[in-house]
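Work through the exercises below with the sequence and the 3D view at hand. Try each task before reading its solution.

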Amino acid sequence: MVDTKSQYLNIKTEVDSAIHEVLDTAAYINGKPVQEFAVALSNYLNVKHTIPCANGTDALQIAMMTLNLQPGDEVITPSFTYIATTEVVALLKLTPVFVEVDPKTFCINPESVRKAITPKTKAIVPVHLYGHAAPMEAIMQIAKEHNLFVIEDNAQAIGCDYTFSDGTVKKTGTIGTIGATSFYPSKNLGAYGDGGAIFTNDDELAHKMKMIANHGQQKRYYHEVVGCNSRLDTLQAAILNIKLKHLDQYNKARQAVAQFYNNAFANNTKIITPFIADYSTHVYHQYTMQLVGVNRDGLSEFLAAQKIPSMIYYPVPGHKQEMFASFGLPKIELAITDQLTNCVISLPVHTEMDEEQLSFITSNVLNFINQ
Ligand SMILES: Cc1ncc(COP(=O)(O)O)c(C=O)c1O
């Protein structure tokens, strides 16, 4: 689905020299590039604090630990997301409350959030799925009315802009109480291994998050709170420092790929191409379309036979995952989520695709669909 090797080859000189600098200093843990990257990313996102950590799942977990959420507290999340979003809720013995998404943007539905609020609700976790922003203005309004925390799962949308109704523009991940992201290699800003970060504009929360990510200590061997060990490698930070400079251009390349697909599939009644709400840009972590009356497995197999990868993100929604069976959660119906899990399919999107590859993919998709 991605070609990280070709992307590396295009920045090889810069990356190799950054890696060698780390090797020369042997500062593998918390070396200078980690702090440099945190500052550079804060500047890029226009957020006060960036706390690097080991991966995006840890980022979400540290955010929830920092907010002092207690077992039994309810956390509202979309069911249609990657499992990490809700897994950490379960891990901390919080109660996941799954809600519906918008069928066009694939992101959390504010009305569904409102209906799910109870006296036990403590937080909402909107996910900027596939690279499109969740409806943050509405979510922040609900959070304000009910005194709830908002933890943005920005693992798939780094660089995406959200425009408020007063014209203010903010980067996703910087709007809620805390934002979390992942630098998994295939992400829009991907490392060459695991990595993650947490964002906030709140000094106190930032201080606590730093402590929690570092065994609950600010002074070595004096552990004030229960924490974990979650660090971004110096090597990964050095690589990310280089790649951050290319992020806008990478996102533009992804947008060009999406435009090619959109043009090829325009007016085809069997394909619903991705929608962009007027409040969001789209950074296309995934190009995910909906099929109408098409044999999806048949299409996947047909493409695979031509060596064209495709993926279903995600075949089983959170509320139907076996891992939650023992949680005694109330039975819920999420018709839109169920429908999406049955009709979505994602095509390859990355920064190094050329027109020949794209034509090959679109003509094969259309050959199957129009047969
Ligand atoms: C929406 C979402 N949340 C969280 C994560 C977790 O990130 P990581 O794989 O770095 O733990 C991912 C990444 O796969 C993701 O896509």
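Two strands count as paired if DSSP finds at least two bridges between them. The model used here is a predicted one.

**Exercise 1.** Find the bridge partner of T288 in β14, and place this pair in its sheet.

Solution.
- Step 1. Start with the strands: β13 covers residues 287-291 and pairs with β14 in the antiparallel sense, over four bridges.
- Step 2. Look across from T288 to β14: the bridge partner is S346.
- Step 3. Widen the view to the open sheet of three strands, which has the order β12-β13-β14 and antiparallel pairing. Its edge strands are β12 (271-272) and β14 (344-347), each of which pairs on one side only.
- Step 4. Add the helices. α9 (residues 234-265) touches β12, β13 and β14, and its direction makes about 20° with that of β13. α10 (residues 296-305) packs on the sheet as well, touching β13 and β14, at about 15° to the direction of β14.

**Exercise 2.** Determine which strands stand at the edges of the seven-stranded sheet, and why one side of each is left without a neighbour.

Solution.
- Step 1. Write down the order of this open sheet: β1-β9-β8-β5-β4-β2-β3, with mixed pairing.
- Step 2. Read off the ends: β1 (49-53) and β3 (95-99) each have a single partner strand, so one side of each has no neighbour in the sheet. From one strand to the next, the twist averages 25°.
- Step 3. Take one pair inside the order: β5 (residues 149-153) and β8 (residues 178-182) run parallel and share three bridges. D153 has A180 as its bridge partner in β8.
- Step 4. Place α4 on the sheet: this helix touches β1, β5, β8 and β9, and its direction makes about 160° with that of β8.

**Exercise 3.** Describe the shell of residues around the ligand and its closest members.

Solution.
- Step 1. Count the shell: 14 residues surround the ligand, and the closest are G56, T57, D153, Q156 and S182.
- Step 2. Sort by class: five are nonpolar, seven polar and two charged.
- Step 3. Ask which element gives the most: α4 does, with three residues. Both α4 (56-66) and α5 (84-91) supply at least two.
- Step 4. List polar contacts, for which the cut-off is 3.5 Å between N or O atoms. A polar backbone atom of G56 is 2.8 Å from a ligand oxygen atom. For a polar side-chain atom of T57, the distance to an oxygen atom of the ligand is 2.5 Å. An N or O atom in the side chain of D153 lies 2.7 Å from a ligand nitrogen atom.
- Step 5. Finish with the cover: of the 390 Å² of accessible area that the ligand has on its own, the protein covers 92%.

Terms used
Residues are numbered from 1 along each chain as its sequence is written. This is a predicted model: local features need pLDDT of at least 70, side-chain atom pairs count only at pLDDT 80 or more; totals for chains, interfaces and linings use all residues. Side-chain values use heavy atoms; hydrogens and water are left out. A residue is near a molecule or strand if one of its heavy atoms lies within 4 Å of it. A polar contact is a pair of N or O atoms within 3.5 Å; within protein, one must be able to donate a hydrogen and the other to accept it, and residues adjacent in sequence count only if both atoms are side-chain atoms. Accessible areas come from the Shrake-Rupley method with a 1.4 Å probe; for residues, only the protein chains shown count as cover. Ala, Val, Leu, Ile, Met, Phe, Trp, Tyr, Cys and Pro count as nonpolar, Asp, Glu, Lys and Arg as charged, and the others, Gly among them, as polar. Contact means heavy atoms within 4.5 Å. Axes are lines fitted to C-alpha atoms, for helices over the stretch in contact, and angles run from 0 to 180 degrees between N-to-C directions.
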